[in-house]
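Trainee: I would like a close look at a single part of this model. Please take one strand and go through its surroundings slowly.

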Amino acid sequence: LRMGFVPVEHRRIFRCRVRDLAARQVAQPQDGLVFKSLAAVDTERLALCREQILAVCRQAFEEQGMSRHFTDPILLARLPGIDYIMALMEKNFAHVPLDRFLVAIEPTTDEVCGFSAIGRKPGLGETTFTQLLSAVHTAYRGQGVYGGLTRLLSETLPQDATLLNVVQTGNRAIQKAYQGSGRLHLADTVVLRRVFDVSD
């Protein structure tokens, strides 16, 4: 800080073994929501499911996202927050296998109301995973959607795998969900930025 660096994001890291996640009593979702991977969705419905996932993203993150891509002027000038999220989702659709794309579906309307994309953490081995991006439509928050996705995640990944989650310290709701599902607080980190004037 004395050398002119500015903190642009405070992050909290959570870690657990999948078997410990599975052992916790994750709250049962209400209203008979259906949880499945995109691999279990009929092929002719995949394109519609992707559109619905993007709609959940836009609804959940358009006004505020818990990422420095929504607050850092340098990043905002390159790609504004919601555009970053949408670009990230297109990358996830291209690279995340269908069986690692988990969705919550409201059965009466057959619409996606929440999702979680699961990927490996680069450089940390074949058995370390992370939730690349997760979101729940605001109309379904507090109804056990994230808990149901967590339960499905615990049944999807190998039991001896490690799950890492990174979240902004200001996002207290998701931290509460992490702590209630067996994830343990591992460390806090601060992302710092300094813009150098190279014209001198």
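What follows is a look at one strand, and then at a helix pair and the cysteines.

Trainee: How many residues of strand β3 are buried, and which strands does β3 pair with?

Mentor: Keep in mind that this is a predicted model. Strand β3 covers residues 101–106, and six of its six residues are buried. The side chains go two ways: F101, V103 and I105 point to one side of β3, while L102, A104 and E106 point the other way. Both sets are buried, and that includes E106.

Now take the neighbours of β3. Strand β2, residues 34–37, is joined to β3 by four bridges, and the two strands run antiparallel. Within this pairing, L102 of β3 has S37 opposite. Strand β4, residues 111–120, also pairs with β3 in the antiparallel sense, here over six bridges. A104 in β3 has G114 in β4 as its bridge partner. So much for the pairings; next comes the link between β3 and β4. These two strands form a hairpin with four residues between them. In this hairpin D110 has a positive phi, near 60 degrees.

The strand β4 also leads to the cysteines, since C113 lies within residues 111–120. C113 is buried, at 1% relative accessibility. Its sulfur has C49 as the site of the closest cysteine sulfur, 11 Å away, which is too far for a bond. A disulfide needs two cysteine sulfur atoms within 2.5 Å. C57 is in a similar position: the closest cysteine sulfur is in C113, but it is 13 Å away, again too far for a bond. C57 is buried too, with a relative accessible area of 0%. A search of the whole structure finds zero disulfides.

C57 in turn belongs to a helix pair. Two packed helices are described by the angle between their axes and the distance between the axes. Here the helices are α2, residues 46–61, and α4, residues 81–95. Their axes come within 10 Å and cross at roughly 155 degrees. Angles over 145 degrees count as roughly antiparallel, so α2 is roughly antiparallel to α4. The crossing is right-handed. On the α2 side, the residues in contact are R50, I53, L54, C57, R58 and F61. They meet I82, I85, M86, M89, E90 and F93 of α4. C57 is thus one of the α2 residues that meet α4, as well as a cysteine without a bonding partner in reach.

Key
Residues numbered from 1 in each chain as written. Predicted model: local features only at pLDDT ≥ 70, side-chain atom pairs only at ≥ 80, totals over all residues. Heavy atoms only, no water. Buried < 20%, exposed > 50% of the residue type's maximum accessible area, 1.4 Å probe, protein only. Pairing = 2+ DSSP bridges. Axes fitted to C-alpha atoms, helices over the stretch in contact; angles between N-to-C directions. Parallel < 35°, antiparallel > 145°, perpendicular 65-115°, else oblique. Left-handed = near helix turned anticlockwise from the far one by under 90°. Contact = heavy atoms within 4.5 Å.
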